[in-house]
Amino acid sequence: MNPKKLQRLRHEAYVRQDCRCYYCTLPIWESDPAEFVARHGISLRKAKHLQCTAEHLIAQQDGGGETVQNVAAAC
């Protein structure tokens, strides 16, 4: 696993998905929880659950790779 590549793929998915979770479509954040909290009027505690993470749609152990098609942004 290449952390820099995964970070890039996560960011690309985040932008492609209009800053929303692949699964639940709620807004997610990448780098500034304070700005996200202010914009959405929620608590920092709640915002922590909406931090952007990289999700392999097909698990690596099942043969899924670090590709644009296999990495999504999720909360």
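This is a short walk through the structure above, from the overall layout to one helix, the loop after it, and the largest pocket.

A caution to begin with: this is a predicted model. The values I quote are computed from it.

Let me start with the whole chain. The protein has 75 residues, and 29% of them are buried. There are 3 helices and 2 strands. Starting at the N terminus, the order of the elements is α-α-α-β-β. The C-alpha trace spans about 40 × 25 × 20 Å along its principal axes. As for contacts, take those with a separation of 6 or more: 45% of them are between residues 24 or more positions apart.

Now to helix α1. This helix covers residues 3-16, which is 14 residues. From its first C-alpha to its last it reaches 20 Å, close to the 20 Å expected at 1.5 Å a residue.

Which residues of α1 are buried? They are L6, L9, A13 and Y14. Looking down the axis of α1, the buried residues fall within an arc of 140 degrees, so they line one face of the helix. The cover over these buried residues includes both strands, β1 at 53-56 and β2 at 71-74. On the face turned away from the buried side, α1 carries the exposed residues K4 and V15.

Next, the loop between α1 and α2. I will take three residues from this loop in order, beginning with Q17.

Is Q17 buried or exposed? Its relative accessible area is 16%, and the cut-off for buried is under 20%, so Q17 counts as buried. What does Q17 touch, once its neighbours within four places in sequence are left aside? Q17 is then in contact with Y22, A72 and A73. On the strand side, recall that β2 runs over 71-74 and is part of what covers the buried residues of α1.

D18 is also in the loop between α1 and α2. With a relative accessibility of 58%, D18 is exposed. The backbone deserves a look here: D18 has a positive phi of about 60 degrees, although it is not a glycine. For a sense of distance across this region, D18 and I28 are 10 residues apart in sequence, and their C-alpha atoms are 9.3 Å apart in space.

Then C19, again in the loop between α1 and α2. C19 has a positive phi of about 60 degrees as well, and it is not a glycine either. In accessibility, C19 is partly exposed, at 29% relative accessible area.

That brings me to the largest pocket. How much volume does the largest pocket have? The figure is about 150 Å³. It is lined by 14 residues, and the closest to its centre are Y14, C19, I28, F36 and R39. Two of these names have come up already: Y14 is one of the buried residues of α1, and C19 belongs to the loop between α1 and α2. I28 was the partner of D18 in the distance I quoted.

Which element gives the largest share of that lining? Helix α2, residues 33-40, contributes 4 residues. By class, the lining has 6 nonpolar, 2 polar and 6 charged residues.

Staying with α2 for a moment, P33 is found in this helix. P33 is partly exposed, with a relative accessible area of 24%. P33 and R45 are 12 residues apart along the chain, and their C-alpha atoms are separated by 9.9 Å.

After α2 comes the loop that leads to α3, which is residues 44-48; S43 is found in that loop. S43 is partly exposed, at 41% relative accessible area. S43 and L57 are 14 residues apart in sequence, and C-alpha to C-alpha they are 29 Å apart.

To close, three points to take back to the structure. The buried residues of α1 line one face of the helix, and what covers them includes β1 and β2. In the loop after α1, D18 has a positive phi, and so does C19. And C19 is among the residues closest to the centre of the largest pocket.

How values were computed. Residues numbered from 1 in each chain as written. Predicted model: local features only at pLDDT ≥ 70, side-chain atom pairs only at ≥ 80, totals over all residues. Heavy atoms only, no water. 1 Å grid on protein atoms, 1.4 Å probe; cavity = no way out; pocket = protein on both sides within 12 Å on 5 of 7 lines; lining within 4 Å. Points joined across faces, edges and corners; volume = space filled by probe spheres on them. Nonpolar A, V, L, I, M, F, W, Y, C, P; charged D, E, K, R; others polar. Expected span 1.5 Å × (residues − 1). Buried < 20%, exposed > 50% of the residue type's maximum accessible area, 1.4 Å probe, protein only. Arc of directions from axis to C-beta. Contact = heavy atoms within 4.5 Å.
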